[in-house]
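Work through the exercises below with the sequence and the 3D view at hand. Each task is followed by a solution in steps.

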Amino acid sequence: MQSYSKVTICWALAVVALLASASAQSPPRWKFKEGDSLNYVVERSAEGKVNLTGAEFAFKMGMAFDTTWLVKSVAADGTASVEQTVDRIQISMSSPLAGNVAYDSKSTDKPATGPVWTLLEPVVSGMLGQTFKVKISPLGKVTDIELPQKLVESFAKQRVGQNRQAGLGIGGNAFTERGVKELITRSVVPLPETTDKAVTWTQAFDNPIPFIGVQTAEIKYSLAGNEMVDGKKLLKISAVTELTFEPEENPRAELEITSQEGSSVVYFDAEGGRMIKSNGSQASSMEMSGPQELTQEIKETSSIRLGKSPDKPLADESKAPAK
């Protein structure tokens, strides 16, 4: 009887251990298979106001990029070589300094002319229909970004996004080489090494401001459990963003970030090994003193989702001009 009880207890413990092992969640990973094709829409918008030595003006901007990811090959460690093609670009911009720009590559209507579009057009044409080559690891690390030659040539001729007073400060960085690479990197959510509830991990992006210094956005991620979305259990990842500024030696002006608040949430399909969607917002205020006094308040939003943009142009949703 005693021997039987010992066997029973050992068997029960083994079953418990087996069930515990089976129920333990594996760390989430991006999963790729050669030939896979995914469609993602990347959207960014910004609106705010600038006060330049007493003169105040508002601005508004929106951008949407429809992309196709084609997995060309997958290495033994799971790292995928991916070709990302930009299928459609939409831009809506309104500013007293920059004027109005409404562009949709799917439309036959010509976009508004003007100095801003003169700067943007070579870069937009260098992106549209072109293929970007990247490598993406199972942890979501993006490396070996290769820009299309047409875009490289346009960057060699243009200095888009560096003149913030021309009305591009709200999103002009997206049209620089650094900004395009950042946009690609941000479209792939990084993942944690473990599923420990207390685990956090970070990602940082630098934005140099010529003759002034470098602004850094550090994103801190954490796991927020599982959530049912459209009938499917998805892993929820929360993130907060902190902006910091490091002045360069002998800057031409001094910049101070006076307020900020940034957060985002990502929904990841751990079973399928892909991101379903993400949404984020960033509000900040800054002051610049030097040859001219400048204050800026800006609210930015961003989203990435599986699928394609609706036929309705982005410009239709933002026709009200900035004042």
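The protein chain in this predicted model exposes about 17500 Å², and carbon and sulfur atoms supply 51% of that area.

**Exercise 1.** State how many helices and strands the protein chain has, and what share of its residues is buried.

Solution. Start with the secondary structure: there are four helices and 12 strands. Then turn to burial: of the 323 residues in the protein chain, 43% are buried. As a last step, look at contacts with a separation of 6 or more: residues 24 or more positions apart account for 62% of them.

**Exercise 2.** Find the residues with the most contacts inside the largest nonpolar core.

Solution. The largest nonpolar core has 52 residues. Inside this core, Trp-30 and Phe-175 have the most contacts. A second core, separate from it, has 17 residues, including Ala-46, Phe-245, Ile-257 and Leu-294. As background, nonpolar side chains in soluble globular proteins tend to be buried together.

**Exercise 3.** Determine which parts of the chain the salt bridge between Glu-43 and Arg-305 ties together.

Solution. The structure holds seven salt bridges. In the one between Glu-43 and Arg-305, the closest N and O atoms are 3.5 Å apart. Glu-43 belongs to strand 1 (residues 37-52) and Arg-305 to strand 12 (residues 294-306), so the pair joins parts that are 262 residues apart in sequence. Next, classify each partner. Buried means under 20% relative accessible area and exposed means over 50%, with partly exposed in between. Glu-43 has 23%, so this residue is partly exposed. Arg-305 has 25% and is also partly exposed.

**Exercise 4.** Decide whether Glu-182 and Arg-186 are buried or partly exposed, and locate both residues.

Solution. Both residues lie in helix 4 (residues 177-186), four residues apart, which is about one turn of the helix. Their side chains meet in a salt bridge, 2.8 Å from N to O. Glu-182 counts as buried because its relative accessibility is 12%. Arg-186, at 34%, counts as partly exposed.

**Exercise 5.** Describe the salt bridge between Asp-269 and Lys-232 in the terms used above.

Solution. The closest N and O atoms of Asp-269 and Lys-232 are 3.8 Å apart. Asp-269 lies in strand 10 (residues 254-269) and Lys-232 in strand 9 (residues 232-247), so this pair ties together parts 37 residues apart in sequence. Asp-269 is buried, with a relative accessible area of 8%. Lys-232 is partly exposed, with a value of 34%.

Conventions: Residues numbered from 1 in each chain as written. Predicted model: local features only at pLDDT ≥ 70, side-chain atom pairs only at ≥ 80, totals over all residues. Heavy atoms only, no water. Helix = DSSP H or I, 4+ residues; strand = E, 2+ residues; numbered from the N terminus. Buried < 20%, exposed > 50% of the residue type's maximum accessible area, 1.4 Å probe, protein only. Contact = heavy atoms within 4.5 Å. Areas by Shrake-Rupley, 256 points an atom, 1.4 Å probe, with all protein chains shown as cover. Core = buried A, V, L, I, M, F, W, Y, C linked by side-chain atoms within 4.5 Å. Salt bridge = Lys/Arg side-chain N within 4 Å of Asp/Glu carboxyl O.
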